[in-house]
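Reader: I should like to learn how the elements of a protein model are read against one another. May we begin with the helices and then turn to the sheet?

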Amino acid sequence: MTSLGVALGAPFPTLRDLAVRVEELGYDTAWVFDGLHDSLIQAAALTQWTSRIRIGTDVTLAFPLSPAALAQQTRDINLLSGDRFTVGLSTANTKAIRQHY
């Protein structure tokens, strides 16, 4: 079975419009990444703006986050999404983490 997904990245008002349109167009997944906004916050927002598509994080930087907090956040996002959430983690490197944070 083939699945069609799209990566989204935009300011929140535009992100909402994009997510709604992607779902209307029949895409299967929408992926967000750490960049303009935190990927977990974006994913949580997408759970409220969509009802069918799967939501995932392309890359969430794991090292600077508390493992317990990350586990709780991803569990909560999955609950909000109705079991439509997938988290993608990255170890990154020290330079990337310093630039991001």
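**Helices and sheet**

Author: In this predicted model, helix α2 and helix α3 (residues 67-81) pack with their axes 8 Å apart and at an angle of about 15°.

Reader: Is α2 roughly parallel or oblique to α3?

Author: Angles under 35 degrees count as roughly parallel. The angle of about 15° therefore makes α2 roughly parallel to α3. As for handedness, α2 passes α3 in a left-handed crossing.

Reader: Which residues of α2 and α3 meet?

Author: From α2 come Leu40, Ala43, Ala44, Thr47 and Gln48; from α3 come Leu70, Gln73, Thr74, Ile77, Leu80 and Ser81. Sorted by class, the residues of this contact are six nonpolar and five polar, with no charged.

Reader: At what angle do α1 and α2 pack?

Author: The angle between α1 and α2 is about 50°, and their axes lie 10 Å apart. Angles that are not roughly parallel, roughly antiparallel or roughly perpendicular count as oblique, and α1 is therefore oblique to α2. Here α1 passes α2 in a right-handed crossing.

Reader: Which residues make the contact of α1 with α2, and how do they divide by class?

Author: Phe12, Leu15, Arg16, Ala19 and Val20 in α1 meet a set in α2 made up of Ile41, Gln42, Ala45, Leu46 and Trp49. By class, eight of the residues in this contact are nonpolar, one is polar and one is charged.

Reader: Let us turn to the sheet. In what order do its strands lie?

Author: The order of an open sheet is read from one edge to the other. Here four strands form the sheet in the order β1-β2-β3-β5, and the pairing is parallel. The edge strands are β1 and β5 (85-86), each of which pairs on one side only.

Reader: How many bridges join β1 to β2, and where does the chain run between these two strands?

Author: Three bridges join β1 (residues 5-7) to β2 (residues 29-32) in the parallel sense. One pair to look for is Val6, which stands opposite Ala30 in β2. Between the two strands the chain passes through helix α1 (residues 12-24), and this β-α-β crossover is right-handed.

Reader: How many bridges join β2 to β3?

Author: Four bridges join β2 to β3 (residues 54-57), and these strands run parallel. Following β2 along, Ala30 stands opposite Ile55, Trp31 opposite Gly56, and Val32 opposite Thr57. The chain goes from β2 to β3 through helix α2 (residues 39-49), and this β-α-β crossover is also right-handed.

Reader: What should one expect of side chains along such strands?

Author: In a regular strand the side chains alternate between the two faces of the sheet. One may keep this general idea in mind when viewing the strands on screen.

Reader: How do β3 and β5 pair, and which residue in β5 is the bridge partner of Gly56?

Author: β3 and β5 pair in the parallel sense over two bridges. The bridge partner of Gly56 in β5 is Thr86. Gly56 also has Trp31 of β2 opposite it.

Conventions:
Residues are numbered from 1 along each chain as its sequence is written. This is a predicted model: local features need pLDDT of at least 70, side-chain atom pairs count only at pLDDT 80 or more; totals for chains, interfaces and linings use all residues. Side-chain values use heavy atoms; hydrogens and water are left out. Two strands pair if DSSP finds at least two bridges between them. A crossover is right-handed if, with the strands pointing away from the viewer, the path from the first strand over the helix to the second runs clockwise. Axes are lines fitted to C-alpha atoms, for helices over the stretch in contact, and angles run from 0 to 180 degrees between N-to-C directions. Angles under 35 degrees count as roughly parallel, over 145 as roughly antiparallel, 65 to 115 as roughly perpendicular and the rest as oblique. A crossing is left-handed if the near helix is turned anticlockwise from the far one by less than a right angle, and right-handed if clockwise. Contact means heavy atoms within 4.5 Å. Ala, Val, Leu, Ile, Met, Phe, Trp, Tyr, Cys and Pro count as nonpolar, Asp, Glu, Lys and Arg as charged, and the others, Gly among them, as polar.
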